[in-house]
Amino acid sequence: GLDGGHAAAACCTNGLGGHGHHVRVGAVTRKGGNAVFGTGAHQQVIGEKQETRTEQENITEGTSADGAADRHELRVAEQVQAPERYKTEVKDKGLYLTADASVEVPDLDRALIKKSRAVNFTKEEYEKVKEVLSKELELEWGEGKTDRRYLQYEGGVWDYVDVTDADNAEIIKKAEGGSENSAYDEVTNVSGTGADGSSYQLSYRTGTGDITPPTTLIWLSKRIEDGRYIDKTAVIHKSGDEESAARSELAGQLQKKAEALVAEAGFKNYKVYNTRWRESFYRTKEGNLSEFEYWLTFTPSIDGIGCTWTNADLMGNSVLNGPYIDLLLKEDGTLNYMRIIGKEEIEISGADGTFLLPFEAIHQLFEQYCKDFYGNSGEQEGEAVLKDGKTQIGRTEAITRLNVNSVRLEYAFIKRENAAANSEQELIPVWNFYGSISRGPTIGEEDRPQGMVENVILPEGIILSIRADDGRILVE
């Protein structure tokens with residue numbers, strides 16, 4: 001999952017605080033206990049300031065009056081030496097990369113690298129969420145139904161097996177015994193009815209052994225029972241567009257409501273990671289209608305910094321995992337949807353920290369990777385009508401445009417290298433480059449032939465993630 005070919009070859013520069021000292025890069029391991037992300041019931045103890053130091057974590061800053069060495073740790077901001085803004089313009093074959101982006105560096109003493117493991121939500125956590133949702137939505141719950149489903153790993157994929165098939169008795173036996181090639185999950189579904197007659201379903205899933213599959217979850221969804229059906233694909237409105245701007249004040253109110261709901265449900269160590277307005281389109285007997293919902297994603301917070309979460313970056317890599325919570329709130333504040341996905345148990349090991357590469361090396365790696373990835377993006381063939389009315393048929397060079405609008409140093413969960421089990425992960429510091437990708441002709445807007453338009457490939461999101469400690473690109 002890590003592209004070592006683009007890792008920085010040198011870890012020592014004079015750019016680290018301008019002192020010109022040689023600094024060794026590496027993580028320091030210490031013994032400790034565990035902390036759990038996925039519930040607010042456990043005290044947050046990761047990243048607390050420690051006075052313990054090692055030679056790897058110190059550099060010589062000078063000499064005191066009595067001649068003794070005066071040493072101190074470089075804080076994260078001092079290590080990375082990042083500017084307030086990242087500005088660049090790169091033109092290379094089929095690539096046009098631009099950036100005038102804010103650079104966000106957390107106010108931390110040190111960056112952490114921690115081992116973690118996927119675990120199940122407990123029954124107590126599920127019941128707490130159920131209680132809070134019952135109060136929020138005024139729900140009366142029906143009888144719950146629990147099903148156990150068995151899985152087998154064969155041919156590189158997990159498949160459910162038919163428990164009624166006598167030939168699968170051995171698979172079921174292995175799953176019950178914790179075999180690495182057999183597993184099962186338990187899913188409890190319960191329906192709830194609101195005072196207004198609305199209907200919801202709540203699902204609670206746990207898994208055995210390796211957890212992957214399945215992922216533990218607590219998932220609430222509202223049933224649509226008024227005869228409507230989806231007319232077309234929903235639209236995600238970007239921050240700052242006309243529809244989002246018109247609802248900016250309401251967005252703030254809904255965010256406060258969502259934050260209170262998440263904390264009350266027991267997830268006090270989560271913070272908002274992303275927000276956006278979603279517009280859904282339906283067809284009814286009376287005609288077409290659209291509904292706006294405010295979509296919020298929460299992720300675990302470490303030292304006040306939220307962890308990265310995404311299905312895939314804009315280049316198609318899907319290496320970032322970890323817990324998150326999604327909520328959809330209607331404009332009137334009604335909760336339509338809440339899914340609580342994944343739970344990680346994180347190893348606590350005292351004053352762990354790792355030295356980070358300077359941002360100059362990171363953005364050079366980012367730019368080089370974009371050149372390698374899109375540099376030969378090719379040509380597009382087609383017919384264009386020129387301004388003078390003449391038709392030109394042939395091949396027109398196409399270009400991929402990347403625009404970076406923000407860069408953030410954040411934490412992320414990735415699968416642990418050389419993991420003995422799929423559930424074993426690692427918490428690492430990463431640089432995330434956020435922006436958009438589009439593709440179109442190289443000619444300027446004023447000279448663009450009629451009918452030849454720039455196609456948006458993907459909306460705003462993470463373009464690429466790079467490990468902050470060694471510069472490896474996070475790719476599949």
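1. A quick term before we start: two strands count as paired if DSSP finds at least two bridges between them. Keep in mind, too, that this is a predicted model. With that in hand, look at β5 and β6, which pair in the antiparallel sense over 8 bridges.

2. Stay with those two strands for a moment. β5 and β6 make a hairpin, with 2 residues between them. In the turn you'll find K93, whose phi is positive, at about 55°. If you want one pair to click on, Y86 has A101 in β6 as its bridge partner.

3. Y86 turns up again in the largest nonpolar core, which has 43 residues. Y86 is among the residues with the most contacts inside this core, along with F366, L402, V404, V407, W431 and F433. Elements giving two or more residues to the core include β5, β6 and α1 (76-80), as well as β22 (391-415) and β23 (424-441). Which element gives the largest share? That's α6, with 7 residues.

4. There is also a second, separate core of 33 residues. V129, L137, L139 and F292 are included in this one.

5. Now for the largest pocket, which holds about 1,100 Å³ of space. Its lining is made of 34 residues, and the closest to the pocket centre are I236, N274, R276, E460 and G461. By class, the lining has 13 nonpolar, 13 polar and 8 charged residues.

6. Where does that lining come from? β14 (229-237), α5 (248-264), β15 (270-284) and β16 (287-302) are among the elements supplying at least two residues each. β22, β23 and β24 do so as well, and these three strands also each give two or more residues to the largest nonpolar core.

Terms used
Residues are numbered from 1 along each chain as its sequence is written. This is a predicted model: local features need pLDDT of at least 70, side-chain atom pairs count only at pLDDT 80 or more; totals for chains, interfaces and linings use all residues. Side-chain values use heavy atoms; hydrogens and water are left out. A nonpolar core is a set of buried Ala, Val, Leu, Ile, Met, Phe, Trp, Tyr and Cys residues joined through side-chain atoms within 4.5 Å. Buried means under 20% relative accessible area, exposed over 50%, partly exposed in between (1.4 Å probe, protein chains only). Helices (H or I, at least four residues) and strands (E, at least two) are DSSP runs, numbered from the N terminus. On a 1 Å grid over the protein atoms alone, a cavity is a set of points where a 1.4 Å probe fits but cannot get out, and a pocket is an open set with protein on both sides within 12 Å along at least five of seven lines; lining residues have an atom within 4 Å of a point. Grid points are joined across faces, edges and corners, and a volume is the space filled by probe spheres set on the points. Ala, Val, Leu, Ile, Met, Phe, Trp, Tyr, Cys and Pro count as nonpolar, Asp, Glu, Lys and Arg as charged, and the others, Gly among them, as polar.
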